[in-house]
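Biologist: I am new to this one, and I would like to walk through it with you. Could we take it a question at a time?

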2 protein chains.
Amino acid sequence: MKKSLYDQLFELSKTIKTLTSIEYLLDWDQETLMPSHAIDFRAQQKALMAGHIHKLKTSSKFSHLLNQLIDLESGKVLDPSLSPAQNAALREWRRDHLQAIKLPASFVKTFTSTCSMAGNTWIEAKKTSNFSHFAPSLTKVFQLSRKKADLLGYQDHPYDALLDLFEPGMTVAKLTPLFDRLKTALTTLVKTIKSQPQIDTTCLKGEFNSELQIQFGKKILKAMGFTPEDSRLDLSVHPFCMPLHPLDTRMTTRTHHDDILSNIFSVIHEGGHGLYNKGLPLEQFGSPLGEQSSLGIDESQSRWWETRIGRTKPFWTHFLPLLQKDFPQLKNIQLDPFYLSINKVSPSFIRVEADEVTYSLHVILRFEIEKALLEGSLKIEDIPTVWNQKMQDYLGITPSTDAEGCLQDVHWGFGLVGYFPTYVLGNLYAAQFFHAFEKAHPDWQNRISQGELGFIREWLRTNIHQYGRQYTPEELVQRISGKSPHESDYVNYLNSKYKEVYGF
Amino acid sequence: MKKSLYDQLFELSKTIKTLTSIEYLLDWDQETLMPSHAIDFRAQQKALMAGHIHKLKTSSKFSHLLNQLIDLESGKVLDPSLSPAQNAALREWRRDHLQAIKLPASFVKTFTSTCSMAGNTWIEAKKTSNFSHFAPSLTKVFQLSRKKADLLGYQDHPYDALLDLFEPGMTVAKLTPLFDRLKTALTTLVKTIKSQPQIDTTCLKGEFNSELQIQFGKKILKAMGFTPEDSRLDLSVHPFCMPLHPLDTRMTTRTHHDDILSNIFSVIHEGGHGLYNKGLPLEQFGSPLGEQSSLGIDESQSRWWETRIGRTKPFWTHFLPLLQKDFPQLKNIQLDPFYLSINKVSPSFIRVEADEVTYSLHVILRFEIEKALLEGSLKIEDIPTVWNQKMQDYLGITPSTDAEGCLQDVHWGFGLVGYFPTYVLGNLYAAQFFHAFEKAHPDWQNRISQGELGFIREWLRTNIHQYGRQYTPEELVQRISGKSPHESDYVNYLNSKYKEVYGF
């Protein structure tokens, strides 16, 4: 029997996804185990794979198959016998394909090589905290990013085109008022907290064996639902999760000899990403129905586990005794001071080290600068001044060097413009999801304190993971929370949690 | 400036090689670290890569470029301006291409899927030591191998076509008399040794920590010339070396808690393969001049290091004190009994565990059976009987089960017919090379006993590694030793070494 058009398209798409997964393995290997002298050759391997994948994605075969199933122009599905889920898959395939063909191969090549050079310049500039060394490269990156936006097309704001790559459907028009309200709420909360007695974290001080830290991380992952048969945990400079396949989730962490928390929260965070990957429907691997809905939704999963589960008292009711068993140097800590210590709020310079309350302010600052650069209302050379002013305004501190200011993040050098907002959106989504979860499991705290985590994973799988990209991020949030993406649940959560933590 | 035809061909060939290296990474990852549930998906990834690579190898673009540089029919090089090395590269490119296009894609697919199934059947059959369960699959493998030989073509014997895939230029006509003489010499030596007092190896007994064993392996690799920047050592069920790139050599080993030797000699053996890979000319990566000459030459390198260096007294003059430092349970062993213990000869059933003297007999037995099966003078169902008879004739022992007899090796199930002889050829080549090496470095024993190994690596690099496939295996052996491949040097070496070891 001849395969249906839909199945032919699915098969071609699965080929692309399978090759993409090989690209992921090349990345994972590079960041974890690869001998360092292989770096140039690895770049060649990756470029070859990327070229081959781009060719398939933009091939006339793909385009032709797709266009028989959905009108590429109008988006009208042409086969009335397909299910709603299949209609959604076609919508997403069309979306990806139109984006891919809008960027000519020559542009992609220029963009990639420019960003590769700019990335290396950024590494040097960061080392010497020399923004002017980075500025010419960064100018090129933003010029090309603007060109990318023009090629992709947009209605209101060029930033929308880039944002949409990472968070489909999100726009400046939706984000700006939302982020403004969030900023007001958070700066107020930061000021309130600042006026309270500060939390003493000396109880966490100590020396912690790296191998034991990793073993403890694996225990947490096991409790979250991973097995060594479907996942790995390795070391890398920056923790990440590489979703090779629902049956092959690769997570990484890092350990610091004098900090027990960094590894733990990295593991829980990456474990959240990992469970999303593991929970995607196996039989849909290769179709959009087998992919994460968006970066924002993906981040909602990592932040959910890291903050909404991992930084709670019930979680540590179960895990603190286990931690103390592995690290006897912590044996005298009580649950309450431990809980306070892992939730200390303190304005600081580095985004990735920021606490829950200040974190979003770091991101909003970047969003505002990116947007202004792209629309031309801010010049590259003025970034340091604006950055430092905003740090002062939002967090009450000013970086003493650009290395701990506008040079700290990897994203811009490597061309990831429009990415940052997804970090905050993940927190907002998680807060909206959590309301629904609490209604479904009013006894969640009790169960977690018994060491039970499976029911959380199942709730997420049933409500989010199993759908892949069937729903857009906004539809998914709406479906679960009954509301559009909004900051109020998140703000309420933070206010109420930190009122208790800081006792005001 | 337009690229020369030669450079265009080189570039295309480099693309193929770079993709092949990605295939190797998929294999390496599968054998070392991959979560086990990912196995089916990994097979899909590998099949995709293999298909893409085969397409490029047999593409009209490749064929057309090549045919402008060398007449595909006659083998005459058409560009007189090319160097002798480039002529040799064209000879090898032609060889590979003609082999690739002789096998239709449909045949390759059938062969691959049949072998994949036969391989799985072999695993089951070996577990239960049930040859009749394996026989129908093995029949298919040999039928298809015969068809493969017919498709590839041969002059005298169908086995020649398969042998040539692994050891270019080698034939049944050359191999049979050589192996017959070797067999006579070795069976005589085995009998002589059997009549002597046996070596007591109880001094090696003990419990050995796995992590410490791996660390000791890394020390040996460091002395051989590897650094963590260009290589790795990991654990796998069967030790192997995966040559991803001269700057990325991946070796594996295994450890046994009650056997200190297994890991050590695996590491030295795989290190020998690894140094060959590391010594290939970087700038030739992607051309035949940047590849190992043959499986036999590759095996000569591993066996060289394992037996000609690793099992000598000078080597352990330096390394035994280091071993004793890491494993104090061995602190009372003296050099002489240690040396005797690591060179004990004892007929046994399993090839991969065989000593230097009996090893080749295991291989010759397989060669004789393969040859007979392929020419039709032996039936599949008679393998166990013939196998056991030959074991009795050559080694004086008879396996009690097929699991320790004809079912022990992975090769046939996975379609590797014609491969075994390269294991013996490696030993013969190494013996011929060693004569030349001894002339160049008469003080080699003295230097090794000081812990110096770099001069050995350099000699091998200068005489063998740097040429890639510029010379055929036979040319290379001839060039270095002044003789065609021959068993006499190897037999002389074994006779003289074991005369001393067993004192007869």
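Biologist: Let me start with one residue: is B:Trp28 buried or exposed?

Modeller: Happy to help, and please keep in mind that this is a predicted model. B:Trp28 sits in helix 1 of chain B. A residue needs 20 or more other C-beta atoms within 10 Å to count as buried. B:Trp28 has 24 C-beta neighbours inside 10 Å, so B:Trp28 is buried.

Biologist: Leaving aside neighbours within four places in sequence, which residues is B:Trp28 in contact with?

Modeller: Being far along the chain does not settle the matter, so let us look at space too. B:Tyr467 is 439 residues away from B:Trp28 in sequence and 26 Å away in space, C-alpha to C-alpha. A contact asks for C-beta atoms within 7 Å. Once the sequence neighbours are set aside, the partners of B:Trp28 are B:Met242 and B:Arg250.

Biologist: How confident is the predictor in chain A and in the complex?

Modeller: In chain A, 100% of the residues score a pLDDT of at least 70, and the average is 96. For the complex, the predictor gives a pTM of 0.94 and an ipTM of 0.93.

Biologist: What turn lays chain B on chain A?

Modeller: The fit has an RMSD of 0.0 Å, with a shift of 0.0 Å along the axis. That is how a two-fold axis relates two copies. The turn is 180°.

Biologist: Which element of chain B gives the most residues to the side that touches chain A?

Modeller: The contact takes 26 residues from chain B and 26 residues from chain A. On the chain B side, the elements giving two or more residues are helix 1 (5–32), helix 2 (39–57) and strand 1 (231–235). With eight residues, the top contributor is helix 1 of chain B.

Biologist: How many residues on that side of chain B are nonpolar, and why do the copies meet through the same surface?

Modeller: The copies meet through the same surface because 100% of the interface residues of chain B are also interface residues in chain A. On the side of chain B that touches chain A, five residues are charged and nine are polar. The nonpolar ones number 12.

Biologist: Which residues have the most contacts inside the largest nonpolar core?

Modeller: That core has 201 residues. It draws at least three residues from each of domain 1 (5–102) and domain 2 (202–348 + 427–472) of chain B. The residues with the most contacts inside the core are A:Val357, A:Ile364 and B:Ile364.

Biologist: What does A:Val357 touch, beyond residues up to four places away in sequence?

Modeller: Let us go through its partners in sequence order. A:Val357 meets A:Leu186, A:Leu189, A:Val190 and A:Ile193, among others. The rest of its contacts are A:Val345, A:Leu494 and A:Tyr498.

Biologist: Is B:Leu138 buried or exposed, and how many angstroms separate its C-alpha atom from that of B:Gly413?

Modeller: B:Leu138 belongs to helix 6 (residues 131–152) of chain B, and its 22 C-beta neighbours inside 10 Å make it buried. Apart from neighbours within four places in sequence, B:Leu138 is in contact with B:Ala118, B:Ile380 and B:Trp412. B:Gly413 lies 275 residues from B:Leu138 along the chain, yet the C-alpha separation is 6.5 Å.

Biologist: What is the phi of A:Ser129?

Modeller: Most residues other than glycine have a negative phi. A:Ser129 is in the loop between helix 5 (105–128) and helix 6 (131–152) of chain A, and it counts as partly exposed, with 15 C-beta neighbours inside 10 Å. In chain B, B:Ser129 also has a positive phi, near 50°. For A:Ser129, which is not a glycine, phi is positive at about 50°.

Biologist: Is B:Pro80 buried or exposed?

Modeller: B:Pro80 lies in the loop between helix 3 (60–69) and helix 4 (84–102) of chain B. A residue with 12 or fewer other C-beta atoms within 10 Å counts as exposed. B:Pro80 has 6 of them, so B:Pro80 is exposed.

Biologist: And is A:Thr252 buried or exposed?

Modeller: A:Thr252 is part of strand 3 (residues 248–253) of chain A. Its contacts beyond four places in sequence include A:Glu31, A:Asp234 and A:Phe240. With 21 C-beta neighbours inside 10 Å, A:Thr252 is buried.

Note on methods
Residues numbered from 1 in each chain as written. Chains lettered and ligands numbered in written order. Predicted model: local features only at pLDDT ≥ 70, side-chain atom pairs only at ≥ 80, totals over all residues. Least-squares fit on C-alpha atoms with pLDDT ≥ 70 in both. Contact = placed C-beta atoms within 7 Å. Core = buried A, V, L, I, M, F, W, Y, C linked by C-beta atoms within 7 Å. Domains from an automatic or database assignment. Helix = DSSP H or I, 4+ residues; strand = E, 2+ residues; numbered from the N terminus. Nonpolar A, V, L, I, M, F, W, Y, C, P; charged D, E, K, R; others polar. pLDDT = per-residue confidence, 0-100.
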